[in-house]
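This report describes one protein model for a first-year student. Please keep the sequence and the structure in view while reading.

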Amino acid sequence: MIKQAPTAGRIIAMVAFTLSCVGLLLFLWLSFGGTIPLKPQGYRVHVLVPEASNLAQEADVRISGVTVGKVKTKTVNANRSATDVVLDIDHQYAPIPKDTQAILRQKTLLGETYVELAPGDKSSGTIGDGGRIPRIHVSPTVELDEIFRGFNQRTRTAFQNWMIEQGRAFKDHGQDLNDALGNLAPFAEDTNTLLRILNEDKGDVRRLIRNTGDVFAALTERRGQLQSLITNSNKVFQTTADRDQELQDTFRILPTFLDESDKTLTRLTRFANNTNPLVTQLRPAARELSPTLIELEKLAPDLRGLFRDIDPLVTVSKKGLPATSQFLDELRPLLDATDPFLRNLNPMLNWIGLYKHEITEFFANDVASTQASSLGADGKTQLHYLRTTNPLNPENLAIYPHRIASNRSNPYVAPLGYKTLPIKVFGTYLCTTNPVPTILPSAVGDLLPQSLLDLINRFGYAGAGSNIPAPPCEEQPPLGNIIGQSGKYPHITEEAP
């Protein structure tokens with residue numbers, strides 16, 4: 001065996017090979033979510049979520065759709081009622097305000113989950129490194145399958161049949177549905193006004209319901225008379241229906257009667273003015289006539305008999321009205337429970353009312369722009385189909401590591417924000433000066449035909465290449481100003497009962 005000392009070239013080659021293997025392993029380790037040993041930790045906060053079975057480590061943490069961090073660990077807390085999730089936030093977004101809202105959302109229907117943060121106002125303070133988002137600011141996540149699992153098999157089958165029948169019912173009635181949705185905004189606005197008035201006068205509403213219960217209690221004590229009243233009313237209506245021809249003739253001659261009555265009333269007015277002095281002179285005689293009218297009481301026995309016949313009605317109603325009274329007494333807790341529901345529903349309707357134009361335009365324009373029809377091959381059958389479009393721009397052609405200058409999206413547009421173009425941005429922090437990349441000439445050839453490249457440059461880049469002008473970076477006013485609050489986002493405030 002020949003033994004000799006390694007040369008400097010071999011040593012350098014071995015060291016380079018070893019470093020390349022270490023670098024490759026480190027790259028694979030980082031690609032699969034590993035951390036670099038001895039690397040200092042970033043800004044981290046804890047959050048307790050009720051259910052995190054679909055939340056994986058290294059899942060995204062997003063604010064307004066922008067990834068701002070990752071999920072590092074998740075641990076079941078001491079009493080096993082929730083999962084303690086540790087969020088690692090990038091330094092440029094740290095620290096986050098104390099009133100930050102957190103919720104788990106799904107990227108797709110397959111269940112891939114990420115953490116969505118809705119930061120509030122930093123003037124309320126910030127969460128320190130290692131701190132915790134209050135559990136009251138964590139919204140529960142309700143998945144679609146959990147809603148349907150709450151129904152039994154019979155209900156789910158009935159719901160499925162109902163959906164199928166609804167599809168058949170709305171067939172060929174798309175315009176009617178569109179008209180109904182178009183009237184939804186005025187209906188919601190009027191309903192909002194009605195509920196606001198009822199909420200302001202809730203004391204009067206309570207008294208009205210309570211007094212209605214007293215009325216029903218009084219009616220229950222006179223059940224027999226009430227039954228007779230309903231029976232006799234039915235006979236009256238039946239008799240009236242049998243004489244519809246006479247009623248028709250009555251309404252036909254009613255205009256003539258009104259004209260003659262108008263002339264008669266005019267004459268009576270003139271006669272009253274003329275007889276007013278005479279009536280004034282007759283008043284002393286009328287006072288002397290009062291004793292005579294008192295004596296007429298003896299001539300009204302039938303009236304007394306009528307009032308005596310009311311007693312059996314009162315006696316019979318004593319057995320029926322207590323049941324109604326009991327029903328109204330048991331109804332009071334339900335009516336009391338509707339008060340907090342209406343207080344919580346009123347702010348929701350107020351906020352939806354601010355976006356009534358956007359909601360109306362969404363339903364109306366979406367149906368109008370996607371519905372289309374044409375005659376079939378036989379020239380008789382009408383075919384219905386949906387029109388769809390897919391926008392083409394540089395942001396759809398690739399995934400960029402940083403926001404490019406032409407990206408001025410706004411996920412929280414203010415009411416009537418679409419009336420002026422371009423749309424104002426949610427915050428100036430969304431505006432960048434990063435250039436728009438172009439397609440390299442080397443991509444032409446086997447990868448992209450020249451004709452396809454020309455179409456992309458024409459429609460995707462508008463023929464401007466990397467010089468696509470960026471929309472103005474004008475920040476919209478804070479949404480809290482709409483309802484008299486401060487901060488970028490509106491927030492719920494406690495209302496006195």
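**A residue in helix 5**

Arg196 is found in helix 5, which covers residues 184-200. Helices (H or I, at least four residues) and strands (E, at least two) are DSSP runs, numbered from the N terminus. Arg196 counts as partly exposed, at 32% relative accessibility. Three classes are used here: buried means under 20% relative accessible area, exposed means over 50%, and partly exposed lies in between, with a 1.4 Å probe and protein chains only. Not counting residues up to four places away in sequence, Arg196 touches Asn346 and Asn350. A contact of this kind means heavy atoms within 4.5 Å. Arg196 and Leu342 are 146 residues apart in sequence, yet their C-alpha atoms are 9.1 Å apart in space.

**Basis of the description**

This is a predicted model, in which local features need pLDDT of at least 70 and side-chain atom pairs count only at pLDDT 80 or more, while totals for chains, interfaces and linings use all residues. Residues are numbered from 1 along each chain as its sequence is written, and side-chain values use heavy atoms, with hydrogens and water left out.

**The protein as a whole**

The protein has 12 helices and 9 strands. Of its 497 residues, 20% are buried. The accessible surface comes to about 36,600 Å², and 61% of that surface belongs to carbon and sulfur atoms. Accessible areas come from the Shrake-Rupley method with a 1.4 Å probe; for residues, only the protein chains shown count as cover. Among contacts with a separation of 6 or more, 65% are between residues 24 or more positions apart.

**The sheet and a histidine beside it in this account**

In which order do the 7 strands of the open sheet lie? The order is 5-6-2-3-4-1-7, and the pairing is mixed. Strand 5 and strand 7 are the edge strands, each of which pairs on one side only. Two strands pair if DSSP finds at least two bridges between them. Strand 5 and strand 6 (residues 113-118) pair in the antiparallel sense over 6 bridges. One residue pair can be named here: Gln101 has Ala118, in strand 6, as its bridge partner.

Gln101 also appears among the contacts of His137. His137 lies in the loop between strand 7 (132-133) and helix 2 (144-149), and His137 is buried, with a relative accessible area of 19%. Leaving aside neighbours within four places in sequence, His137 is in contact with Lys98, Asp99, Thr100, Gln101 and Ala102.

**A bent helix**

Helix 8 (residues 244-295) has 52 residues, but its end C-alpha atoms are only 44 Å apart. A straight helix would reach 76 Å at 1.5 Å a residue; the expected span is 1.5 Å times one less than the number of residues. A kink of about 45° lies at Thr275 in helix 8, shortly before the proline Pro277. The bend at a residue is the angle between axes fitted to the seven residues ending there and the seven starting there.

**Backbone features in loops**

Most residues other than glycine have a negative phi, and most peptide bonds are trans. The table lists two cis peptide bonds and two residues with positive phi.

| Feature | Residues | Angle |
|---|---|---|
| Cis peptide bond | Ala94 and Pro95 | omega about -10° |
| Cis peptide bond | Leu421 and Pro422 | omega about 0° |
| Positive phi | Glu58 | phi near 70° |
| Positive phi | Leu416 | phi near 60° |

Pro95 is placed in the loop between strand 4 (83-89) and strand 5 (101-106). Glu58 is in the loop between strand 1 (43-49) and strand 2 (60-63) and is partly exposed, with a relative accessible area of 26%. The loop between helix 11 (394-397) and helix 12 (450-460) holds Pro422. Leu416 is also placed in the loop between helix 11 and helix 12; Leu416 is partly exposed, with a relative accessible area of 39%.

**The disulfide**

A disulfide is a covalent bond between the sulfur atoms of two cysteines. In this report it is recognised as a pair of cysteine sulfur atoms within 2.5 Å, and by this rule the count comes to 1 disulfide. Cys431 and Cys473 form this link, with their sulfur atoms 1.8 Å apart. The link of Cys431 and Cys473 is right-handed, with 90° about the S-S bond. Cys431 lies in the loop between helix 11 and helix 12 and Cys473 in the segment after helix 12, so the pair ties together parts that are 42 residues apart in sequence. Cys431 is buried, with a relative accessible area of 18%, whereas Cys473 counts as partly exposed at 35% relative accessibility.
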